[in-house]
Amino acid sequence: MSIYDEVEIEDLEFEADEQMFFFPCPCGDRFQVSLFELTQGEDIATCPSCSLRLKIVFETEDLDPHKDEVAAMGQEIRAC
């Protein structure tokens with residue numbers, strides 16, 4: 001599997017209502033990976049419009065603020 005680039009998790013945009021992280025893709029769409037996938041150890045974001053993949057660099061504790069944001073909305077982390 002080839003990786004287009006590596007990006008730190010703090011450089012991704014998090015949308016709590018969707019529980020998804022996004023990052024712009026050169027094709028014009030966005031790489032995406034769910035909070036659930038990251039909590040399960042997945043570290044690859046994919047673009048739904050092309051074959052590019054992005055490696056997300058993070059520590060497990062980097063997810064805590066995002067988990068808290070989801071919990072504050074009265075939601076549980078869900079598989080997408």
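This is a short dialogue on reading strands, turns and cysteines in a predicted model.

Student: Let's start with strands. In which sense do strand 2 and strand 3 pair?

Tutor: In a regular strand, side chains alternate between the two faces of the sheet. Now the pairing here. Strand 2 and strand 3 run antiparallel, with three bridges. Look for E15: M20 of strand 3 stands opposite.

Student: How many residues lie between strand 2 and strand 3 in their hairpin?

Tutor: Four. Strand 2 covers 13-15 and strand 3 covers 20-24. The loop between these two strands holds Q19.

Student: What is notable about the phi of Q19?

Tutor: Check the sign. Phi of Q19 is positive, near 55°, and Q19 is not a glycine.

Student: Is Q19 buried or exposed?

Tutor: Use the cut-off: buried means under 20% relative accessible area. Q19 has 0% relative accessibility, so Q19 counts as buried.

Student: Next pair. How many bridges join strand 3 and strand 4?

Tutor: Five, again read as a pairing in the antiparallel sense. Strand 4 spans residues 30-34. Find F23 and look across: F31 in strand 4 stands opposite.

Student: Which residue takes a positive phi in the hairpin of strand 3 and strand 4?

Tutor: G28, with phi near 110°. This hairpin has five residues between the strands.

Student: Now the cysteines. How many disulfides does a search of the whole structure find?

Tutor: A disulfide is a covalent bond between the sulfur atoms of two cysteines. Here the search finds zero.

Student: Why is there no bond between C27 and C47?

Tutor: Compare two distances. A disulfide needs the sulfur atoms within 2.5 Å. The sulfur of C27 is 3.6 Å from that of C47, so the gap is too far for a bond. Start from C47 and the closest cysteine sulfur is in C27, at 3.6 Å.

Student: Which of the two counts as buried, C27 or C47?

Tutor: Read each value against the cut-offs. Buried is under 20%, exposed is over 50%, and partly exposed is in between. C47 has 5% relative accessibility, so C47 counts as buried. C27 has 41%, so C27 counts as partly exposed.

Note on methods. Residues numbered from 1 in each chain as written. Predicted model: local features only at pLDDT ≥ 70, side-chain atom pairs only at ≥ 80, totals over all residues. Heavy atoms only, no water. Buried < 20%, exposed > 50% of the residue type's maximum accessible area, 1.4 Å probe, protein only. Pairing = 2+ DSSP bridges.
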